Each structure stands twice: as C-alpha cells, then as structure tokens.
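Here's a quick briefing to read with the structure open beside you. It goes through cavities first, then sheets, helices and hairpins.

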Amino acid sequence: MKFGLALAGLLPFLGTALAQSVSWCDPQNGLCLQTIQKKNMLDPLNPTGTYDLTIGVAFPTSTASTEFIGEIIGTNNVVWAGYDLAASMANNLMIIVWRNGNNFVYSARMAAGYVVPTIYSGPTITQLASSMVNSTHWKFVFRCQNCTSWTGANGAVSIQESQGSGYGVCLNSTANCVTTPSSASSDMKQHNDFGNWGMNIAGARTSAYTQYLTGYGSSSTSSVPASTSSIRTSSTRTSSTTTVSSTAIPTPYDYIVVGAGAAGIVVADRLSEAGKKVLLLERGGPSTKETGGKREVPSWATSTGLTRFDIPGLFENMFGAADPWWWCKDMTVFGGCLMGGGTVINGMLYYTSPDYEFSSIYGWPAEWGNPTPAINKMTARLPYYDNPSPDGVRYLDQVYTLLKKHFVTLGYGEANINDNRNWKDSVFGHPTYNFNNGIRSGVTHTYLQTAKARSNFKLLMWTMAQSVKRNSGQIVGVQTNNTIDLPNGLATLTSKGRVILSGGVYGTARILFSSGIGPADMIAQAAASTIASQLPPAAQYINLPVGYYVSDNPSINLVFTHPSVDDYDNWQPIWSSPRTADANKYVASRSGVFAGSSPRFNFWKALSGSDGKTRWMQGTARPGGWPSTNLPFNETARFTITFYLSLGVTSRGRIGMNSDLKGLPLVQPWFQDPIDKAVLTQGIASTIANMKTNLPGLVQITPDNTTTLQAFIDAYDHAQMNSNHWVGSTRLGANSSVAVVDTNCKVFGTNNLFVVDAGIIPGQPMSNTHAAVMTVAEMGVARILALSGGP
C-alpha cells in the first residue's frame, strides 16, 4: 500500500490555521453532526474530475463515553475514504471504508509511519440503518465503540474536545485503489487527496445520541430516504485477520535508484541514457505541474495550472503555509518528501562549485579532483540565470542597489557569479538561479523528462524504501511499502544489478540503519522498530560510520531597515492575497516579482582562522525579516542578511534515528570547533563595520543597540543556525573507518550497493548545496557506469 507523504506524520505545523468543523443536519436521516464538507474538490490525477466528501460525527453528552456516531458521504468516484481521528495518520486511529458493490467494507486501522496501516484491534464498528448508495453518492453511517482513545508508538492518545482531524481519499482515476474489495484487511493504494481540519467535539455532543443509534434523528423516520435510486446496504464486516497476497508480477531491474531528488533524478536519467533498465522510487507524490502536481495551485494563478513548486516567488510561503504536507515527517529538520525532493522546495540558488572545492584539503580523493566535465554537463541541461524575469527587468531590487554601495567601499568586486565560478573572495552579485521563463526549472523539468521518455525507465511514486534486502554483501532488492506494484513490496534486481541510494543525508542513513549497516547503536534502534524483521542476521551487520562527520552551514541572521527598501509585506500575503499588479503580471507573462525567489544579493569572502586554515563566508540578503527587538522600527522597510560559514568549516556532528525511525541530529554540527565561531564572528563584524556611515538611514534592529554583536552570537541558539545544507553522513573515502562509501560510491562491505547524494560529500561546499549535489551526481554515476561487474 502506497501510504506516503500526507496522512503519515502530518503535521508538526498544525495549529489555529486549520479549517473548523461546522454544525450540519443531514436532511435525509435527520442526524445533526459536526462536519467538514469538501465540495467540487479537484482530482489531482484527472484535470476535469472533481469529488465531494463529507465527514461528520455526533458524541454522547457524557465525556466519559468511549464511542461516537460517524457519517461519511462521498461521490461515487471516491473508491475509499479514511477518517483520521487525529491530524496525523501515524500512530493514530483511523476509520477506512469502501464499497463492495452495494455493500460497505470497513475497518479500524493504524499505521506506525510510512507503512501499511494495519487492522487495529479494540474498536467495534457497526453500520447503521441510514447508510445508502444511489446513482451519484454513497453514505456510510456507523457507530464506533471504544474509539475515543488508542495506543500507538507514541503512547496513549485520547480525543480532545477540540481535535485536529484528517481525511484521505483514493479516487477512481487511480486503478485498483483497493486490491480485494471484499476483504476489510485488503491492501490499498495511496490516497489521491487528503486534508486536515479542526473537529469541534464539544459541539458534536448531543442529547439525541440514543435516538441517533437507530441511524436516524428525531425529525426523521426509520425508513429509507425518499429516493428511487437509493439502495440500502447491508453490513459487510470481514475478519480483520484476513491476509492479502500481492498480485504484482516480479520485474527485475539493472538499477534501482531510491529517491527522486537532486541526485536521484540525475543518476536515473544517466543510467537509462546508457541503456540500463532503471527503476526510480520516490516516497512522495507529484510536485510541479510538469510532474502531475495539481494540488498546490494558488487561487490567483488557477488559469496557469502552476503550483507553489513552480512559481519561484512563492518560496517564502513554503514555511508559512497552513498545511505544509511537502515536508518529510520522519525527520526533525526540513526535507522535501515529493517529486524533486529539495529542488522543488528550496530557494533555488544555483551556484556552480569552484575547482578547489574538490581539493583533498576538504576530503576529496584525487580521482574526484576535477569537477569541470560534470559541471559542464549539468549546466548544458540546466543553464543558469541571474535575472529570472523573462522581460529582462529586475524587480524588488532595492536591497541590491543599497548593499552594492557598501560592498564596493569594502573592496568587493561585482560579478555574474557563475561566469567565474572560481572567484569566491571579496565578490558579490545578483543571485543565480536555474529558472526558465519565470518558473522553477530543475531536475524535474529536464533530467526527469528525458528519462521518462525512455522505455527502459520506470518511476514509482508513493513508494517508500524501508531497507535493502541482502545476503551478506550481495543486495538482491529494495523492500518498500508498495505491495500493489511490487510483489510483497520488494523491488528486485537482475543478476548483476545494483542499488543506488539517493535519499538524502537523513533518508539514506535511515535505510542503511534499517538494513543492518551502520553503528551498533543505530542498528539497535532499527531492531526495536516496526520493521525489525527486515534486518539481516546479526552476523551480517556491517559496522560503518553512517551518520558521523555530518556538516551544515552555521548561519546567523542580522535584520536591518532602510527607507529605500520595500520589504514586500514580509512575503506574508503572497499565497492568498498578493499584490494585484504583481500577480496579474506573472499570470500574463511569467514576469515580475513572482518570477524570482526572495534572495536579492549574494557575496563571498575568504577568512583566515587562528589555526592557519581558510574558511569562506557566504552571505545572502533578501527583503523582509523577523527581527528580535523590543524597539520600534519601520515595519515596511526590513531586510535580512544571512551570514554562513561554508567551505573550510571544521565543525562536525552526528545524525541518527529513534526506534520510531525518525531522523534527528544526535550531535549538532554548528560551532563544535570554537575557531569556526571566531572566524564567522570576525567576518560579520568586518562586513557591517561602517555600514551605517556608508548607508545613511540604515538601522540595525537585530541585534539592536541594546547588545553587542559578540553577545548576540554567543546567545544564538545553535539549533536556529540550521541552514539545511546537510552533507557528510555517508561520506566518501578510501578508509572504512572514516568513510561509508569508497571512491566509486560503493558501500564498504557490499558488492552492489551505492550511495550518490549529499551524504557522500566529505566537506561543506562553497555555496548552497543545490548545484553541488547535482555535480556530485553527474560525477558519481559516471564512475558507477565505468565500474566493472555491473549490468
């Protein structure tokens, strides 16, 4: 079952932004319920299709009662519907229902995460009399006893009087939503659509509850509602112990690539280009319009069909949306769990690496010392632009104009950054992107499209890799949650086949831990998890430093105001009520403010540390910001400069996972080496010196004049320094005591398991990791293809 991104683990961000239930009385059966009603909802897989869904509940007046009455109504294209009694599918009770002819099949289920929800014992579900089917809709009315509390991996949970809730549906635009409709424990396909709301349980309590147990309210009679096309349905309760065998036919592949992000898509495209039979697995679903995404289209851009993942100017709303389902829920840092991975949710800064970034000084073997051929191949597919608007006009450019005056006085030179990628000392320029005609143009618009055009390439979305199946060092396949398309969820290899993990720093580490590869303490967490049975025998465990030596840019935000700056309303209304002229311009011509992301100015500076090592500082400035000050300030003129320490940073941390398979930093990588802190502090101080003199009217509001820069940095929460530019968890090298993969990207101790993603990068790149990861993918896949013994 391909239960992936949305219902599972949704959401750490839920709050008051949720839509709330309303009181509604069903005119057919007289039940008055607290409901959420979804009308004319777009089918994400059928551009002309819509569906309706209503979910309502009634509770007894006693808060001690453990039951409720529910009603689920769907249009006939809703094959199955799920009501999640809390806002997250993972570890919470859900009610699933589908039709088997004119009968209903239903069950109480629970999922431990991105896995098949299994039958949950304890609740008793009884179908009530007013359930019905007609020519357009179906209605399932039920009593749910012992349903107000449950126990999952996170402990006991009880329904609250104001309760976050969720729904999911699989529509008939997807084939075989339910494998065996007659079985309550049947396998199911991933939902097409989903959502969350706040259910007013207190408002659902009614003194008519006893009457409602008949299936009808006091204002109704216990007869079939007047409709000649209505059919009363009989209860179909099937044993929850029923098992279902997969009906998929095994198909072996030369290469299985796990993760359709910056690295995985590049790798899969190059492998299929070489004639190899390739399966690409992606745990999430569509994102951009090009990938089939239809869910996240802003109301003001409906005519374009472009999603938030297409429109560059919506980047800032990635973090402030009411329902940010695209973030991975099984890690405590940001990660994109959808087609394109981080490339469709990041700020899109696209800086090609300088040659010296691949020096042995920063951990790279000599064989990797020349990135130029890979960079040339990448930029041929993905050209760079520093003026994203197709009309050639630079919009919202006040921050650049202002800061240019100051940086020139500091001796910096102005450049188109990628035109001289080796110049990264005392240089500034406009941000460089890989946009095309005003939309995000990354791996999903280029490499993925050429791969999809080949008959030897197959993509499976909503398919989460849980572990690799191996016999000692020989990998035979990838175990997934998708038992619809893959026999028993197992993707298999040809006799000389290979698996390439491209799940990112956290995702790849989790798969390795769950496959018995990594430190003993992390394998022990996998052994205590819900997928412990997938581990090989203990004698086959491979002890490698997976999760060690991770790096991420430490970053410090300073916030200023200047009367020349338009902070663009701090980017707050861009999703629902953007500035009309800007929205209209973008819809008409893909030009204007929305053709670019929020950054407006970038700079680099080489800095010397007391240890004799050179570290580079990167800076990014953008309109808007979140100041920390109690002093009054000009709220329409804010801008932020983010200072990063990048290439040469020496601090390292460690990541791992808990037994719930959630990834997290075990040792934070920021400022572990005090020299890193001293160097970045020095760099910031030298950058802002004389800034007020050079820019009359400038006010620094974070830190404000009540504290010093040093005190501000000393007090900076290390967890807030996270730039989400993680590298190094499976780093590349020649020695398995300090590396996870060899110089050909092959995992030590295995014959045919490889890693190609940010995890193999041994040191922090010069700039944002977006282009660096694609460069490494081009280099890595070329080495794998050249390696003897493969398919």
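**Cavities, sheets and hairpins**

Searching the whole structure turns up two cavities of 30 Å³ or more. Keep in mind that this is a predicted model. Besides the cavities, there's an open sheet of seven strands with mixed pairing, an open antiparallel sheet of three strands, and a hairpin formed by strand 1 and strand 2.

**The largest cavity**
- Its volume comes to about 150 Å³.
- The largest cavity has 18 lining residues, and Asn387, Pro388, Arg394, Tyr395 and Arg600 are the ones that lie nearest its centre.
- Sorted by class, the lining of the largest cavity is made up of eight nonpolar, six polar and four charged residues.

**The second largest cavity**
- Here we're talking about 40 Å³ of space in the second largest cavity.
- The residues lining the second largest cavity are Arg283, Asp330, Met331, Tyr506, Gly507, Arg510, Leu661 and Gly663.
- Which helix gives the most to this lining? That's helix 7, with three residues.
- The class breakdown for the second largest cavity is three nonpolar, two polar and three charged residues.

**The three-stranded sheet**
- Read across, the strand order is 28-33-34, and the pairing is antiparallel.
- Strand 28 (548-550) and strand 34 (663-667) sit at the edges with a single partner strand each, so one side of each has no neighbour in the sheet.
- From one strand to the next, the twist averages 55°.
- Strand 33 (residues 653-657) and strand 34 run antiparallel and are joined by four bridges.
- Opposite Met657 you'll find Gly663 in strand 34, and Gly663 also turns up in the lining of the second largest cavity.
- Two helices lie across strand 33 and strand 34: helix 7 (residues 504-513) runs at about 55° to strand 33, while helix 8 (residues 520-527) runs at about 20° to strand 33.

**The seven-stranded sheet**
- This open sheet goes 20-21-30-31-32-29-35, with mixed pairing.
- Its edge strands are strand 20 (413-414) and strand 35 (699-702), and each of them pairs on one side only.
- How many bridges link strand 29 and strand 35? Three, with strand 29 (residues 555-561) and strand 35 pairing in the antiparallel sense.
- For a concrete pair, look at Thr561, which has Val699 of strand 35 opposite.
- Helix 10 (residues 674-688) lies across strand 29, strand 30 (601-608), strand 31 (614-623), strand 32 (638-645) and strand 35. Helix 10 runs at about 140° to strand 32.

**Hairpins of strands 1 to 3**
- Strand 1 (residues 22-25) and strand 2 (residues 32-43) run antiparallel, with four bridges joining them.
- Val22 has Thr35 of strand 2 opposite.
- Six residues separate strand 1 and strand 2 in their hairpin, and Gly30 in the turn has a positive phi of about 80°.
- Next along, strand 2 is joined to strand 3 (residues 46-58) by eight bridges, and these two also run antiparallel.
- Met41 has Tyr51 in strand 3 as its bridge partner.
- What joins strand 2 to strand 3 along the chain? A hairpin does, through two residues.

Conventions: Residues numbered from 1 in each chain as written. Predicted model: local features only at pLDDT ≥ 70, side-chain atom pairs only at ≥ 80, totals over all residues. Heavy atoms only, no water. Pairing = 2+ DSSP bridges. Contact = heavy atoms within 4.5 Å. Axes fitted to C-alpha atoms, helices over the stretch in contact; angles between N-to-C directions. 1 Å grid on protein atoms, 1.4 Å probe; cavity = no way out; pocket = protein on both sides within 12 Å on 5 of 7 lines; lining within 4 Å. Points joined across faces, edges and corners; volume = space filled by probe spheres on them. Nonpolar A, V, L, I, M, F, W, Y, C, P; charged D, E, K, R; others polar.
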